[in-house]
Amino acid sequence: MDQVGDPAALVEQLRGWARSLGFSQIGVADVDLSSAEPGLLAWLDHGFHGSMAYMATHGLKRARPAELVPGTVRVITARMDYLPRTRHDGDNDWQAVEWAHLARPENAGVSTYARGRDYHKVLRNRLQKLADRLAEAVGPLGHRVFTDSAPVLEVELASRSGIGWRGKHTLTLHREAGSMFFLGEIYIDLPLPLSEPVTPHCGSCSACIDVCPTRAIVAPYRVDARRCISYLTIEHDGAIPEDLRPLIGNRIYGCDDCQLVCPWNKYAQRSTLPDFDPRAPLLHPTLLQLWAWTEADFLRHTEGGPIRRIGYERWRRNLAVGLGNALRADPSLADVRAALEAARDAASPLVQEHIDWALR
Ligand code: B12
Ligand code: SF4
Ligand code: SF4
């Protein structure tokens, strides 16, 4: 610690640098996550990870930072708010705006986080800059930056270091910031002073559990990913289980419901960066507007964004489910029926099967 001088002052400095890079908060976590290991193992044992093989592959390394990066003694945790800086529809109640959009079955629900630039890129670059600043100040520093990119138990690290508490939906949330933020980490070999966790404030609330369209939050703090719309529309390859299709409604990329209903998200903070500004076609589109996209349109509109990762076929699969649910809500929607029928013959077998389901 010689090279550091006053470690508490260094953490204060780090906070200032982090803020200037677009982070709203940082913390310092210990690397002993052993008390989280049984929960991680139970989650895997229940098969809650579904086809996300990467969750099982690394096993307990996910809960052991020093095994992932030897020499790590602390983890700097960071929060970056992503609610877009721009307000739309002249309304400050962003949750009400989102609910109103989802309430119309012809509309397409695209998760708030996915409407702008891919957060992996935004956070990684900025975390690396933060690590570089720290290395300039303290001399040689063993470090690695992560955001949702490696076997790291991010929510656990964040909640242990005061970024927020773990909500019953399993995400990190904070009294003054809700949960509409991404997490990132810097693993370091420098023993900075730990930051204190905050007290949890879910109390007797169970709004997120009750609102979940697919009952994916099977108990407080337990998400069965196989039922989660985020998993089904983003992570899952192949056919979406038929029994879950009607429950997905018009959500075609991810799902925000458990966060939209959370009372603490009244306090969600807007991003300070333009990166998360929504691209116009993804803000509040209808299903038919997106269904009309060719593959070239899809690639153009999603360039540099997270949606591109799922590819055109999964995108069409998700839209077909949404269109089927719109028809179910209102069988007289002749334009929806016609659009599905017109696309059927040229579609891949996977999409064709979802179109057939939608038309039934
Ligand atoms: C896999 C994953 C998913 C999966 C599974 C989600 C989950 N809850 O595990 C799916 C695809 C469903 C998903 C969805 C979403 N995700 Co996600 N996801 C991840 C990822 C990569 C790993 C999470 C993880 O470790 N899960 C494993 C389980 C074991 O961990 P856990 O749920 O936290 O469980 C702990 C306890 O609750 C308990 N426990 C859990 N289950 C059980 C079961 C039993 C029987 C027992 C005893 C205990 C127990 O033990 C665990 C250890 O303490 C992280 C990034 C990362 N590397 O950490 C992002 C991350 C959690 N996701 C994020 C986001 C934004 C989302 C979505 C909101 C995206 C969207 N709008 O569609 C949704 C929200 C859904 C939800 N309610 O969780 C953010 C959350 C930011 C925040 N504020 O906390 C993260 C941190 C990514 C990031 N870098 O910002 N995600
Ligand atoms: S993201 Fe949607 S489907 Fe997944 S747990 Fe939350 S409310 Fe349920
Ligand atoms: S909706 Fe209620 S239970 Fe769920 S995370 Fe928010 S405060 Fe906690």
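## Exercises on a predicted model

Gly27 stands opposite Thr77 in strand 2. The model is a predicted one.

### Exercise 1: the sheet

Find the strand order of the open sheet and say which strands stand at the edges.

Solution.
- Step 1. Begin with the pair that holds Gly27 and Thr77. Strand 1 and strand 2 (residues 74-81) are antiparallel and share six bridges.
- Step 2. Extend to the whole sheet. It is open, has four strands and runs in the order 1-2-7-4, with antiparallel pairing.
- Step 3. Look at the ends of that order. Strand 1 (25-30) and strand 4 (143-146) each have a single partner strand, so one side of each lacks a neighbour in the sheet.
- Step 4. Add the twist. From one strand to the next it averages 20°.

### Exercise 2: helices on the sheet

Which strands do helix 1 and helix 6 touch, and at what angles do they run?

Solution.
- Step 1. Take helix 1 (residues 7-20). It packs on the sheet and touches strand 1 and strand 2. Its direction makes about 135° with that of strand 1.
- Step 2. Take helix 6 (residues 119-138). This helix also packs on the sheet, in contact with strand 2, strand 4 and strand 7. The angle between its direction and that of strand 7 is about 35°.

### Exercise 3: the domains

Work out how the chain is divided and how many residues each domain gives to the contact.

Solution.
- Step 1. Set the bounds. Domain 1 covers 2-102 + 116-188, and domain 2 covers 209-260 + 277-359.
- Step 2. Take the centres over C-alpha atoms. They are 28 Å apart.
- Step 3. Count the contact. Domain 1 supplies 35 residues and domain 2 supplies 31 residues.

### Exercise 4: ligand 1

Describe the shell around ligand 1 and explain why the ligand lies between the domains.

Solution.
- Step 1. Count the shell. It has 41 residues, and the closest are Glu154, Glu156, Arg166, Tyr221 and Ser230.
- Step 2. Sort them. There are 22 nonpolar, 11 polar and eight charged residues.
- Step 3. List the backbone contacts. A backbone N or O atom of Tyr221 is 2.6 Å from an oxygen atom of ligand 1. For His169, a backbone N or O atom lies 2.9 Å from a nitrogen atom of the ligand. A polar backbone atom of Cys255 is 2.9 Å from a nitrogen atom of ligand 1.
- Step 4. Find the elements. Those giving two or more residues include helix 7 (154-160), strand 7 (181-188) and helix 9 (229-235). Helix 2 gives the most, with four residues.
- Step 5. Conclude. Domain 1 and domain 2 both give residues to this shell, so ligand 1 lies between them.

### Exercise 5: ligands 2 and 3

Which residues surround ligand 2 and ligand 3, and how do they divide by character?

Solution.
- Step 1. Read off ligand 2. Its shell includes Cys212, Cys228, Cys255 and Cys258. Pro213, Thr214, Ile217, Ile229 and Asp257 complete the list.
- Step 2. Sort that shell. Seven are nonpolar, one is polar and one is charged.
- Step 3. Read off ligand 3. Among its residues are Cys202, Cys205, Cys208 and Cys262. Others include Lys168, His169 and Trp264.
- Step 4. Sort again. Here seven are nonpolar, two are polar and one is charged.
- Step 5. Cross-check the lists. Cys255 is in the shell of ligand 2, and this residue also has a backbone contact to ligand 1. His169 is in the shell of ligand 3, and its backbone also reaches ligand 1.

How values were computed
Residues are numbered from 1 along each chain as its sequence is written. Chains are lettered from A and ligands numbered from 1 in the order in which they are written. This is a predicted model: local features need pLDDT of at least 70, side-chain atom pairs count only at pLDDT 80 or more; totals for chains, interfaces and linings use all residues. Side-chain values use heavy atoms; hydrogens and water are left out. A residue is near a molecule or strand if one of its heavy atoms lies within 4 Å of it. A polar contact is a pair of N or O atoms within 3.5 Å; within protein, one must be able to donate a hydrogen and the other to accept it, and residues adjacent in sequence count only if both atoms are side-chain atoms. Ala, Val, Leu, Ile, Met, Phe, Trp, Tyr, Cys and Pro count as nonpolar, Asp, Glu, Lys and Arg as charged, and the others, Gly among them, as polar. Domain bounds come from an automatic or database domain assignment. Two strands pair if DSSP finds at least two bridges between them. Axes are lines fitted to C-alpha atoms, for helices over the stretch in contact, and angles run from 0 to 180 degrees between N-to-C directions. Contact means heavy atoms within 4.5 Å.
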